[in-house]
Structures are given as C-alpha cells and as structure tokens.
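Student: Please choose one part of this model and look at it closely, residue by residue where that helps. I would then like to see how that part is tied to the rest of the chain.

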Amino acid sequence: MSSIFSKIIAGEIPCHKVWEDDKHFAFLDINPWTEGHTLVVPKKEHDYLFDMPEADYAALQLAARKVAALLKSKLNCKRVCTCVIGYEVPHVHIHLLPTNVMQDFAKPGTFGMKVKPDLAALAAKIRG
Ligand code: 5GP
C-alpha cells in the first residue's frame, strides 16, 4: 500500500506544493511548527533515512538544501532549521523550518532533557 506522501505526490491527496524535481517533492506541512514549515520527500518510498542507498540519501540532502535556499530567499528568514523524525509517516521526509529566532523553533524550557544523562558514560557506550 502506498504511503500518504506517495498519494500526495501522485495528486490523490491535495497539498500545497512548493518545489519538485524528478526524484523529490516538497510541500507545506499540514500542521506547521513555523511559518513555511516544509517537508522534502523522495518520490521513491523509504522508511528510514539512514537505511537509504547512499546515492538516494545524498540526492535527498541536496534537494533539501535547494528547498531551504528557496524558503530563505522567499520568506526572508534568518535560518532554515531541519530535522528528520518519521514516527508519524514512515516515508522518509526532511522537515525544513524557517526561523528568525530560536523561539520560533522551540519555546524556552520545552526543548532538551529535564534530567541530564551521564555524558561521559554515554559517550563511552556509543564509542563501544
Ligand atoms: P513525522 O513522521 O516526521 O513525525 O511527522 C510527519 C509530518 O507530516 C507531521 O509534521 C505532519 O503534520 C505531516 N503530515 C501528516 N499528514 C500530512 C498530510 O496529509 N499533508 C501534509 N501536508 N502534511 C502531513
């Protein structure tokens, strides 16, 4: 079964498209975190960003960079922030978030862990 984003790309579900090339599609998030919140999606379905074939991954990042430049120039914002989550829609997408100040992205006190983990132990665990 095709993902909701494949249905959007196919025109079966409406969206507000902002950019497209032969392999990628960019449209406004239906539930924006900031003004101009955009999702950049590969037309080919992949579930998890870091499982993508290297060439597809690199092409997606380059597409996101193009869309970020477009957003920055047209919306005249200071920075376009980015993140990848994917828990809601298992079709890889890069969130692009136009911002002018940190608070546009996350309100003070709402971002970050309440209890700081042991950073030395964590780094040692990751290094193996
Ligand atoms: P994630 O999978 O990264 O956690 O979040 C998926 C994102 O897709 C959410 O920000 C959500 O608002 C957006 N989204 C989900 N369904 C639709 C849709 O039908 N249209 C649009 N434009 N955005 C959607």
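Tutor: A residue is called buried when its relative accessible area is under 20%, exposed when that area is over 50%, and partly exposed in between. Cys15, with a relative accessible area of 28%, is therefore partly exposed. The model is a predicted one, and the part I choose from it is helix α2, to which I turn after a brief view of the whole chain.

The protein chain has four helices and five strands, and along the sequence they follow the pattern α-β-β-β-α-β-β-α-α. Its C-alpha trace spans about 50 × 35 × 25 Å along the principal axes, and 32% of its 128 residues count as buried. Among contacts between residues at least 6 apart in sequence, 48% join residues at least 24 apart. The accessible surface comes to about 9000 Å², and carbon and sulfur atoms account for 58% of it.

Helix α2 runs over residues 54–75, 22 residues in total, and from its first C-alpha to its last it reaches 31 Å, close to the 32 Å expected at 1.5 Å a residue. Its buried residues are Leu60, Ala63, Ala64, Val67, Ala68 and Leu71. Because these residues cover an arc of only 145° around the axis, they lie on the same side of α2. The face turned away from that buried side carries the exposed residues Glu54, Ala55, Arg65 and Lys66. What covers the buried residues includes strands from both sides of α2 in the sequence: β1 (17–20), β2 (24–28) and β3 (38–42), together with β4 (79–83) and β5 (94–99).

One residue shows this packing from the strand side. His24 has its place in strand β2 and, at 4% relative accessibility, counts as buried. Leaving aside neighbours within four places in sequence, His24 is in contact with Ala59, Leu60 and Ala63, and also with Trp19, Val41, Pro42 and Lys43. Of these partners, Leu60 and Ala63 are among the buried residues of α2.

The end of α2 deserves equal care, since a residue with an unusual backbone angle follows there. Asn76 comes after α2 and is found in the loop between α2 and β4. Most residues other than glycine have a negative phi. Asn76, by contrast, is a residue other than glycine with a positive phi, near 55°, and its relative accessible area of 65% makes it exposed.

Helix α4 provides a contrast to α2. In α4, residues 119–127, the count of buried residues among the nine is zero, and the helix is hardly covered. At the start of α4 a side-chain oxygen of Asp118 reaches to within 3.2 Å of the backbone nitrogen of Ala120, while just after α4 Gly128 takes a positive phi of about 85°.

Strand β5, one of the strands that cover the buried residues of α2, leads on to the ligand. His95 is found in β5 and is buried, with a relative accessible area of 6%. Not counting residues up to four places away in sequence, His95 touches Asp29, Trp33, His37, Thr38, Leu39, Cys81, Thr82, Cys83 and Ile85. His95 is also one of the closest residues to the ligand, along with Leu28, Asp29, Val89 and His93, in a surrounding set of 16. A polar side-chain atom of Asp29 lies 2.5 Å from an oxygen atom of the ligand, and a polar side-chain atom of His93 lies 2.7 Å from an oxygen atom of the ligand. A polar backbone atom of Ile30 is 3.2 Å from a nitrogen atom of the ligand. Taken alone the ligand exposes 520 Å², and the protein buries 88% of that area.

It remains to place Cys15, with which the answer began. Cys15 lies in the loop between α1 (4–9) and β1, and, apart from neighbours within four places in sequence, it is in contact with Ile8, Phe25 and Phe27. Its C-alpha atom is separated by 20 Å from that of Ile85, 70 residues apart from it along the chain.

How values were computed: Residues are numbered from 1 along each chain as its sequence is written. This is a predicted model: local features need pLDDT of at least 70, side-chain atom pairs count only at pLDDT 80 or more; totals for chains, interfaces and linings use all residues. Side-chain values use heavy atoms; hydrogens and water are left out. Helices (H or I, at least four residues) and strands (E, at least two) are DSSP runs, numbered from the N terminus. The expected span of a helix is 1.5 Å times one less than its number of residues. Buried means under 20% relative accessible area, exposed over 50%, partly exposed in between (1.4 Å probe, protein chains only). The arc is that of the directions from the helix axis to the C-beta atoms. Contact means heavy atoms within 4.5 Å. A polar contact is a pair of N or O atoms within 3.5 Å; within protein, one must be able to donate a hydrogen and the other to accept it, and residues adjacent in sequence count only if both atoms are side-chain atoms. A residue is near a molecule or strand if one of its heavy atoms lies within 4 Å of it. Accessible areas come from the Shrake-Rupley method with a 1.4 Å probe; for residues, only the protein chains shown count as cover.
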